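Subject: Structure for you to look at

Dear colleague,

Here is the structure I promised to hand over, with my notes on what I found in it underneath. Please keep the view open while you read, and go through the notes one part at a time.

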Amino acid sequence: MRLYVLAAVMLATSHANAHGIENAISPPPLPPLDFQKPEEVLVVAPEPRYVAPTLRDRIGRIWAPVHINGQGPFKLVLDTGANRSVVTEDTARLLGKAIERTATVQLHGVTGKAQVPTIEVHSVEVGDLLLDGRKMPVVQDVFGGAEGALGTEGLADKRIYIDFKHDAISILRSKGQGPAPGFRRIPVKLRNGRLLMFEMTLGGVRTKAMLDTGAQTTIGNKSLREALARRTRNPEETEIIGVTLDVAIGQSVTAPPVDIGGIKISGMRVTFGDMYIFDAWKLNNEPALLIGMDVIGVFDAVVIDYKLKELHLKARRS
């Protein structure tokens, strides 16, 4: 099986499918979602424009409507694992910008690193986020229909609200508000600038988790695989292709139940392997998990408050 980590984790420096979910603590537990195969019924519904949930036959996505140089909006993948925003070559051409192939930056992705060209832009804007003149990396189109990726630049005082039920995303200044009714609060630490890291348990194993909305799939390191030992099942060899187009081989398995702040998810698939990104983050010697859209998309709504250093998660109700 081949998986694309679409806007996978990128750290740039300048050079010239979850099957069940339930609430585990008060209010009373929700019943697990029933993902048994439905009857063959044809349902015609409009395709979500920006925010789509994870379903049985589709991994979710989060796109943001972003204006670049006053043009757009362009659909950019929200990538909480990237500290730089990027565009595709087609987007650069639509902007009428010459690609500077001698002014490159180095991108560190899940599977490797690469030098990529840049373009000069004078503004990047969405909601309350406004970035002024900067060089934007230009990458191959591995975004599944999106026109680039929106990284975490300028988000230090922002609150991102992602509503999977209503195809909505907002990026506004945080006013310090706590979780709304029905949401669970998860404290996070910001690593390497704005990488969202928190503690969770997987099959009873304490694990450092990173929330990466730019990754399609959930990926674990070898330390976590060893800690789980024989508690994983149904291994399947999988190719992981990152934004740098490097390929890594992993084993996709059905993992034990995961507990994120009292919200339990069962039937989750995790791909384990010797991934470059765990080296880059110095996370090889302890259990670590990169949580992708296959898991993030099973929630009804997600709030990322960078100012408060909190996640607010609302479990999907059956």
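Accessible areas come from the Shrake-Rupley method with a 1.4 Å probe. By that method, the protein chain exposes about 14,100 Å², and carbon and sulfur atoms supply 50% of this area. Please bear in mind that this is a predicted model.

The chain as a whole

The protein chain has 4 helices and 26 strands. Of its 318 residues, 55% are buried, where buried means under 20% relative accessible area.

One of the sheets

A good place to begin is an open sheet of 5 strands, which follow one another in the order β13-β12-β25-β26-β14 and pair in the antiparallel sense. The strands at the edges are β13, covering 168–173, and β14, covering 183–187; each has a single partner strand, so one side of each is left without a neighbour in the sheet. Neighbouring strands of this sheet are turned against each other by 15 degrees on average, when direction is ignored. As general background, the strands of a sheet pair through backbone hydrogen bonds, either parallel or antiparallel.

If you would like to follow one pairing by eye, take β14 and strand β26, residues 310–315, which are joined in the antiparallel sense over 5 bridges. Within that pair, R185 stands opposite H312 in β26.

Backbone details

Which two residues does a cis peptide bond join? They are G72 and P73, and omega is about 10 degrees there. P73 belongs to strand β6, which covers residues 71–78.

In the loop between β5 (61–68) and β6 you will find N69, a residue other than glycine whose phi nevertheless has a positive value, near 55 degrees. N69 has a relative accessible area of 13%, so this residue counts as buried.

K309, in the loop between β25 (299–305) and β26, is also not a glycine, and its phi is positive as well, near 60 degrees. Is K309 buried or partly exposed? With a relative accessibility of 40%, K309 counts as partly exposed.

Two residues and their surroundings

T88 sits in strand β7, residues 86–88, and is buried, with a relative accessible area of 3%. Its side chain makes a polar contact of 2.9 Å with the side chain of T91. When residues up to four places away in sequence are not counted, T88 touches V138, V139, D141, F143, A146, E147 and G148.

D157 lies in the loop between β11 (148–150) and β12 (158–163), and with a relative accessible area of 32% this residue is partly exposed. Which residues does D157 contact, once its neighbours within four places in sequence are left aside? They are L172, R173, S174 and K307. For one of them, S174, which is 17 residues apart from D157 along the chain, the C-alpha atoms of the two are separated by 5.9 Å. The side chains of D157 and K158 are joined by a polar contact of 2.6 Å.

When you have gone through these notes, I suggest returning to the sheet and tracing its order once more, from β13 to β14.

With best wishes,
A colleague

Terms used
Residues numbered from 1 in each chain as written. Predicted model: local features only at pLDDT ≥ 70, side-chain atom pairs only at ≥ 80, totals over all residues. Heavy atoms only, no water. Pairing = 2+ DSSP bridges. Helix = DSSP H or I, 4+ residues; strand = E, 2+ residues; numbered from the N terminus. Axes fitted to C-alpha atoms, helices over the stretch in contact; angles between N-to-C directions. Buried < 20%, exposed > 50% of the residue type's maximum accessible area, 1.4 Å probe, protein only. Polar contact = N/O pair within 3.5 Å; in protein donor to acceptor, adjacent residues only side chain to side chain. Contact = heavy atoms within 4.5 Å.
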